Amino acid sequence: MNFLYRVFGRLLPATHPPQNPQRIVFIRPCCIGDVVMATAALWALRRYYPNAHITWAVGGWSKQAVENHPDVDTILDTGPAANPAGTISGLLRFAGQLRAGDYDLAVSLSRSPLMSVAVLLSGIPYRAGIDSAGRGFGYNIRSALDPTARRHEVDIYKDVVKLLGVDIDGINPEVPIEHDAIETPRTRYVVVNPSGGKNPGAQMDAKRYPPEKLAEIVNLLAVPLDIEEVVIIAGPGDDALVEELTAHLNLTYTAHVGTLTFSQIGSLAANAIVYIGNDTGLTHYAAAAGANTVMILGPTDPARYGAYNPDAISLWKPYPLPSGGFADGAPPDWNRETDGITPQDAAQQILDFCANR
């Protein structure tokens with residue numbers, strides 16, 4: 001297929017970036033972590049085209065993370081699917097949505113060849129997007145990507161807007177904070193999130209650090225960080241993870257399972273001593289909200305998916321991973337007990353991190 005993609009790419013000519021687009025559609029439908037990481041490219045795009053109307057095409061699962069973002073004028077809900085162009089009917093429907101928007105410029109952060117076809121069929125004159133191994137043939141401003149290269153998703157997204165002439169240096173993911181979105185504890189508290197590893201696009205349970213080990217980390221941090229309370233956040237259906245975590249905690253806690261808005265999570269995280277979570281969308285959200293953030297990774301590469309912001313760290317025990325990243329799935333022989341970071345090592349790295357905050 002890669003050969004055919006490249007043939008299509010040669011048949012569809014590239015073009016120069018537009019000078020002053022009035023209507024831009026920014027396409028990153030799924031999932032929460034990817035959407036949050038895409039806010040760095042959005043920030044740069046908005047500063048370069050301050051007067052343009054920017055619509056974010058985003059799925060129903062992820063739109064809450066950015067629907068109140070100040071750099072977005074309109075949300076285009078692409079529906080429940082991870083890729084709205086993943087089927088022929090979906091492709092044609094999404095192309096019609098784009099056509100109806102009368103956009104001058106599309107900026108697509110999707111690697112899907114079907115997405116590039118949908119954008120091509122939309123008739124949008126300027127189409128910038130990721131060209132991973134030739135899959136972006138439908139774009140006429142193509143950001144070439146070697147899928148085996150260990151590059152962070154944020155940098156890959158920023159490369160697309162760089163082709164438009166945008167300055168991307170020093171730009172990080174960022175989401176707005178509503179500090180009065182929720183009443184935060186009056187104690188010294190940490191936020192802990194045991195969930196993750198599932199979204200409409202894929203599921204990888206191995207991304208979740210075992211809740212009893214997560215509790216052990218927090219217990220080890222209690223005295224040196226003078227923690228008075230643990231605030232636990234989790235998504236709908238994560239009750240069992242929370243129960244297992246709390247069964248091993250030695251501290252006072254409050255739990256919010258599927259009840260908080262993104263703004264409330266951002267406020268809780270930003271005002272905490274530290275946020276501790278897995279390689280999941282809410283951890284990227286906490287980092288983008290400015291929280292002191294700790295991301296614990298398992299069989300995923302921090303060079304590609306780790307916490308990107310300056311006030312965040314990624315904890316990971318090095319392990320040989322597939323060259324294609326998350327798309328290749330978890331290594332079949334990876335084992336959390338032998339290949340994951342230990343609670344003792346994690347706690348020490350968190351203490352070192354917090355000492356410099």
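This is a short chat about helix packing and nonpolar cores in a predicted model.

Visitor: Start with H3 and H6. At what angle do their axes cross?
Guide: Roughly 25 degrees. The axes of H3 (residues 39-48) and H6 (residues 153-162) come within 8 Å. Angles under 35 degrees count as roughly parallel, so H3 is roughly parallel to H6.

Visitor: Left-handed or right-handed crossing?
Guide: H3 passes H6 in a right-handed crossing.

Visitor: Which residues meet there?
Guide: From H3, Ala40, Ala41, Ala44 and Leu45. From H6, Val154, Tyr157, Lys158 and Val161. By class, this contact of H3 with H6 has 7 nonpolar residues, no polar and 1 charged.

Visitor: Switching to cores. How many residues has the largest nonpolar one?
Guide: It has 55 residues. Those with the most contacts inside it are Phe26, Leu45, Trp56, Val107, Leu109 and Leu164.

Visitor: What is leucine 109 in contact with?
Guide: Leaving aside neighbours within four places in sequence, leucine 109 contacts Phe26, Ile27, Arg28, Ala38, Ala41, Ile130, Tyr157 and Val160. There is also a second, separate core of 30 residues, with Leu214, Leu225, Leu245 and Val274 among them.

Visitor: Back to helices. How far apart are the axes of H4 and H5?
Guide: They are 8 Å apart. H4 (residues 88-100) and H5 (residues 113-121) pack at about 40 degrees. That makes H4 oblique to H5.

Visitor: And what makes that contact?
Guide: On H4, Leu91, Leu92, Phe94, Ala95, Leu98 and Arg99. On H5, Leu114, Met115, Val117, Ala118, Val119 and Leu121. The contact of H4 with H5 divides into 11 nonpolar, no polar and 1 charged residues.

Definitions and conventions
Residues numbered from 1 in each chain as written. Predicted model: local features only at pLDDT ≥ 70, side-chain atom pairs only at ≥ 80, totals over all residues. Heavy atoms only, no water. Axes fitted to C-alpha atoms, helices over the stretch in contact; angles between N-to-C directions. Helix = DSSP H or I, 4+ residues; strand = E, 2+ residues; numbered from the N terminus. Parallel < 35°, antiparallel > 145°, perpendicular 65-115°, else oblique. Left-handed = near helix turned anticlockwise from the far one by under 90°. Contact = heavy atoms within 4.5 Å. Nonpolar A, V, L, I, M, F, W, Y, C, P; charged D, E, K, R; others polar. Core = buried A, V, L, I, M, F, W, Y, C linked by side-chain atoms within 4.5 Å. Buried < 20%, exposed > 50% of the residue type's maximum accessible area, 1.4 Å probe, protein only.
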